[in-house]
Amino acid sequence: MFKKPTLTTTLIIIVGFLTLCPVIMLLLGSFSKDFVSFGQFTTSKYVSAYTDPDFADILLNTVIFTVGSALHATLLALFLAYVNTRTDLPFKFIFKIISIIPMMIPHILFSASWVLLLNPSNGILNRLFMSLFETRDALFNVYSLKGMILVEGLLDLPIAYLIIAPAMSAFDVSLEESSKVCGASNWRTLFKVTLPVLRPAILASAILVIVRSLASFAVPSVIGMPGRIYVLSTHIYRNISSGFAADYGLAAAIGLSALGASITLIYIYRYLTAESGKFVTISSRGFKPTLIKLQKGKYPLLVIVGILSFVLILLPVIVLFYISMLPYSMPPSARAFSLMSWNNWIDVLKDPISLLSLKNSLFLGVVGATLGTILSIFVSYVIVKIRTTASGLLESLSFLSFSFPGIVIGVGFMWFFVRTPLYGTLTALLIGYIATYLPYGIRPLSSAFIQIHSTLEESSRVCGGTPFYTLRRVIIPLLIPGIVSGWILMASMFLRELTLSVVLSRPGTEVLAVQILRFAEDGLWGRLSALGIIMIFISSLLVILAAVLGKKFSKLEVVDR
Amino acid sequence: MKKMVVLLLGLILLPGLLSTALAADKVNLYANITAIEPIMADFNAGQSAQEGIYTRISTSKYLATVLTEFSAGKLQADVLQGPLPILQMLKEKGVLTPYKSSSASGYPDWATGDDTIIQFGIEYVAPIYNKELVKPEDVPKTYMDLTDPKWYDKLVMPDPASHATTISWLIGLKEAKIFGDDAGWMKFVKGLAANKPMFVKSFGPSPAPIESGEKLIGISMPKYIITKAPAPLDWARVDTLLGTTRAMALAAKAPNPNGGKAFIDYWLSAQAMQLLADKVGEYVLTPGVFPPIDGVDKVKVIPIRQLSDEEIRHWGDEFQKIFYQ
Amino acid sequence: MDIRIHDLVRTYYSEGKQIRALDHVDLTIPANRIFTLLGPSGCGKTTLLRCIVGLEAPDDGEIYIGDELVFSKAKNIFVPPEQRGLGMVFQTYAIWPHMNVFDNVAYPLQTQKLAKEKIRERVSQALKFVQLEGFEKRPATKLSGGQQQRVALARALVAEPKVILFDEPLSNLDAKLREETRKELRSFLTELQITAIYVTHDRIEALALSDLIAVMRSGRIVEIGEPKKIYFNSDSQFVADFIGRANLIKGKVERLDGDHALFASEIGPVRDLNSQDIPVGQEAYLCVRPEFIRLSKDLEGAHNSYNGKVESLIFIGEAYEGEVRIGETLLTTTVDPTADFREGDTLAVSFDPDHCFLLTT
């Protein structure tokens, strides 16, 4: 479409600049004797990082945790996406919203909420189970690898859902029809045709979740640490927090193994989806997917989806609301209900810093997601449609800062920005956010791009449309489901972004998550929950806005049919 | 296309340009301390010429941030506040400059001996329990009571393998001879470990499981009795409390040195320290000023010797062996 | 407008192997004719089309559209497709699923920023031309295959391009519709007096539609000629075989006789056309199309009559498809459906000397 080498080069320069700078700083730091990015050369940090006797156990835990979370998130997302896009289940619009709610909740709050529900001593669900079945054994101990996978998988569910659902709804229905014509049942069609054709989206979602959970800190620290289960990110934390002179060089040295793992995964993904033509599904014919009539299965399935959504997603949110009404956290009781008040809400809404951070986060969410999506459109185009070595490089670059564990990458950005005039400004946050979370835009857009047959674009060129005109009138409208997904993922991520913000935000540039972290550090769970619910509310507004705008710009009814 | 590019660049850079215009005649405090908004507000109300702003940086990132900014010539702090070991390291790097405040006149000698760093408070640690769920007769009277098997699976504490202040606190107990000799201390440590405490990342999350009743008792801080009121928290009346000291100093290249000095003078004054004790529950060194927590005015609160990072790592490894069996 | 192509080269790399999609192609496509690129899949015909349109850049060579040089490696010229002023119908039609029929057809005019009134007028003209009046508001996804094909044609024609290109436009239609559309297309194109380049692998389509056919193989053009010439008297064995079913019989030229030659073949002496002037003594192939092989109960005529045995007869509606054996040689033939033959019959086999021709080996 464009002059391909130039476009690829330009993007490599932009993305490389965004993501390489902090990573180079971290590399320098990991080879420096001192702990402030530059200093005398040493390899001692690598030696001490990788000769740690605990390292093998930690790697094993990390693999179980990340792969488990990816399986959990992807399977659940597949199920929900299938039900929501391809069947005539009633009340689908509710389940669509529910599927993306965890994305809007600060991770630390969601984890804390599950602790209240499922801790083995007095978790609400465990208590209920114990009194119902008159047993002394807890139903489920959240402080375990299982618990970590449960919560992390749910937190990453929206990522998986937003990648899989657009692909599912843009599916060329004739493929399924031909399978059914051949005599295959609905089930057989699902496993032999639908899922294999969706392979790029499924793989993309699994890989993104693995990479994300590798960098995740909230679940490992809130749930893993009390269960004495350490994964890579908490291992790094343990290394930097023992002693006051936190050694981020050492942290970077450990973090490099996460980076290596992520880049390997990306290459595996590229290899597995190498023949992107095989997966092209939007062409002009049979675009609109037909809905599968559930008939007798309708209401049982509704009950299953309903219970699943309620227990997994709504219940933790309800718990948050419950906490926000209490002066301190306690299990539900008559006394708890008598103590309820709006005080936490009033405190939060009267706090000038909370309000400022609300404003800043909103700005970062809207502007950052918009810019990030624009950049992602070009990058995904190069990655999907120009499959050269250079585009592979671009794809890896886009994942660089994303795959570094959060507590480390923030410091990398600090080491970088402090050398620019942008240090301590909202712009620094904006650039850092886009650089780090670029894959949130690129992944859904790539899987959307893969499905657009290139002749749709070529015919526009032959009809006299310039590349830019083609982009505007043909590609973007066809990409709308992917664009909406990417924008929503980025916007809600930016609204609750913590790892970079906690390092880069300064008085005047406070953001929501930093304010939330302060409340958490001070143990003010009531205010924390109130602010968290405000965040969920704002994110929901943005999501609805995106869906409505997306619908307006495209006649493809995908996001909210 | 070109218009688009200009527009996008504008969007990116605008907030940056706007915020550089800010930040004049302000006193910037770098610290990590809970809920000090009332003190900042009081400072801003009393000293109309200066406006205090609070840059909160978590302890694990404090040194990295300050040194990075300092080496790039971008340290915006006028006043730096933090645990004593951190300020010592900053002093060695030349980040701090000597300043003696007259407000600290009544402080103990050990707190004001240094020409640069003034210590003004102790982050005191104590056994904290849920007063609704623990019967009065069960409340520990000594540290050793925490090793009673009745607390098995009922304890919470910051991770003694990694959390620096907790490691220091355990060493403080040893060096203060709370248990007589080292053998007694080791018995305490092993007894505590045998009760399988639940570990959290730092003191911040330590009171939550106690107030919710998930655990009954924990190694935490009495100040939460104030900041988390009306949560049913109380502290076990052991006879000696220990804590690392809080300290502050003037930045060597303070953008606003006079403001910084004024801020330190104000902060160390009895008025500000009273606020810190009343609103935040902190243990301060101003004579006669105590937090409004029952019994704190009578208990002995002693500062823990400053441990080097090597020592902390060494003991962290030791405690890992004991607690993670 | 004519199109001239000089020494065009296009190479692909796939799994480490080098594939020459275009191997030094020289070609002149005359103005206002229907010109077909015919060949098996992978012969480079679509690549050539895409190079002309500008969707691909060749590695070497030059392309002129009329007098305009649109591609030249030596002069470093590459005119992008949107500036070449061509129309194209894609194999998949590439109708944009998010637009209705009007927007699809109006698109080329909208890119030129014509006045709305003007656009409406020309779109309705184009739709009328392809017999889709009143379909303006219909969403593209609600069209049948044949309708989509016509929308694609209307879109390609609406901006009155100098040249229109077709990339296997009928291959996605069912057999009956394909036949009808082929006729329609022929009449549309004849009416328009436009240069049309048509890519197909279907020989019937090529024969039925074209003024000129270029047969391609492995990145090269093997033969260019009018349909009848290619069918009845091709210069190459490959073309003769590809353009229709053919019986190829090995032998040697024995004697020349004006246009004709006497050929000593596996089935005996044959009198045939020798337009390539193959000299006496040379090995060659005799090409006989099945429809020219006559079967009868009795031997008749002086030339090219042999005894053969019917090996198989398959009824296909308008005819029988038969196989007859003469000696060791098996020939395919088309037999009148009313003929009274059975498998195993021994019959007289004959063909006209003017309807069989010699090819070099």
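Biologist: Let's dive in. Which residue in S10(C) is the bridge partner of C:Phe35?

Modeller: That's C:Leu212, at least in this model, which is a predicted one. The bridge is part of a bigger set: strand S3 (residues 34-38) of chain C and S10(C) pair over four bridges, in the parallel sense.

Biologist: What makes S3 and S10(C) a pair?

Modeller: Two strands pair if DSSP finds at least two bridges between them. S3 and S10(C) have four bridges, so they pass that cut-off and get called a pair.

Biologist: And how do S10(C) and strand S11 of chain C run, parallel or antiparallel?

Modeller: Antiparallel, with five bridges joining S10(C) to S11, which covers residues 220-225. One example is C:Met216, whose bridge partner in S11(C) is C:Ile221. As a general point, strands of a sheet can pair either way, through backbone hydrogen bonds.

Biologist: What sits between the strands in the hairpin of S10(C) and S11(C)?

Modeller: Two residues, and in that hairpin C:Ser218 takes a positive phi near 45 degrees.

Biologist: Why is strand S10 of chain C called mostly covered?

Modeller: Count the buried ones. Strand S10 runs over residues 212-217, and five of its six residues are buried. To be buried, a residue needs 20 or more other C-beta atoms within 10 Å of its own.

Biologist: Staying with that cut-off, why does A:Ser233 count as buried?

Modeller: A:Ser233 has 30 C-beta neighbours inside 10 Å, and 20 would be enough, so buried is the label A:Ser233 gets.

Biologist: Where does A:Ser233 lie, and which residues does A:Ser233 touch?

Modeller: A:Ser233 is in helix H12 of chain A. Leaving out residues up to four places away in sequence, A:Ser233 touches several others, including A:Phe217, A:Pro220 and A:Ile407. A:Leu549 is another story: 316 residues from A:Ser233 in sequence and 38 Å away in space, C-alpha to C-alpha.

Biologist: Now the other end of the scale. Why does B:Lys177 count as exposed?

Modeller: The label goes to residues with 12 or fewer neighbours, and B:Lys177 has 12 C-beta neighbours inside 10 Å, so exposed is the call. B:Lys177 belongs to the loop between helix H6 (164-175) and helix H7 (182-194) of chain B. B:Lys177 isn't a glycine, yet has a positive phi of about 55 degrees.

Biologist: Then what makes C:Glu160 partly exposed?

Modeller: C:Glu160 has 14 other C-beta atoms within 10 Å. Partly exposed is the name for what falls between 12 and 20, so that is where C:Glu160 goes. C:Glu160 also has a positive phi, near 50 degrees, and is found in the loop between helix H4 (145-157) and strand S8 (163-167) of chain C.

Biologist: In the sheet S16-S20-S17-S18-S19 of chain C, which strands stand at the edges, and why?

Modeller: Strand S16 (294-296) and strand S19 (329-335), because each has a single partner strand, which leaves one side of each without a neighbour in the sheet. The sheet is open, with five strands and antiparallel pairing. On average, neighbouring strands of this sheet are turned by 45 degrees against each other, direction ignored. Seven bridges join S18 to S19(C), and C:Glu321 stands opposite C:Thr334 in S19(C).

Biologist: How do you know that the 22 Å radius of gyration of chain B agrees with a compact globule?

Modeller: With 325 residues, a compact globule would come out near 20 Å, and chain B has 22 Å, which agrees. Buried residues make up 50% of chain B, and chain B has twelve helices and twelve strands.

Biologist: What makes the bond between B:Ala229 and B:Pro230 stand out?

Modeller: That peptide bond is cis, with omega about 10 degrees. B:Pro230 is in the loop between helix H9 (223-227) and strand S9 (233-235) of chain B.

Biologist: Last topic: the chains together. Which chains have the most contacts between them?

Modeller: Chains A and B, among the two pairs that touch. Their contact takes 52 residues from chain A and 61 residues from chain B. On the chain A side, 30 are nonpolar, 15 polar and seven charged.

Biologist: And how far apart are the closest C-alpha atoms of chain B and chain C?

Modeller: They lie 16 Å apart, and no contact joins chain B and chain C.

Terms used: Residues are numbered from 1 along each chain as its sequence is written. Chains are lettered from A and ligands numbered from 1 in the order in which they are written. This is a predicted model: local features need pLDDT of at least 70, side-chain atom pairs count only at pLDDT 80 or more; totals for chains, interfaces and linings use all residues. The radius of gyration is taken over C-alpha atoms; the globule rule is 2.2 Å times the number of residues to the power 0.38. Two residues are in contact if their C-beta atoms, placed from the backbone, lie within 7 Å. Ala, Val, Leu, Ile, Met, Phe, Trp, Tyr, Cys and Pro count as nonpolar, Asp, Glu, Lys and Arg as charged, and the others, Gly among them, as polar. Axes are lines fitted to C-alpha atoms, for helices over the stretch in contact, and angles run from 0 to 180 degrees between N-to-C directions.
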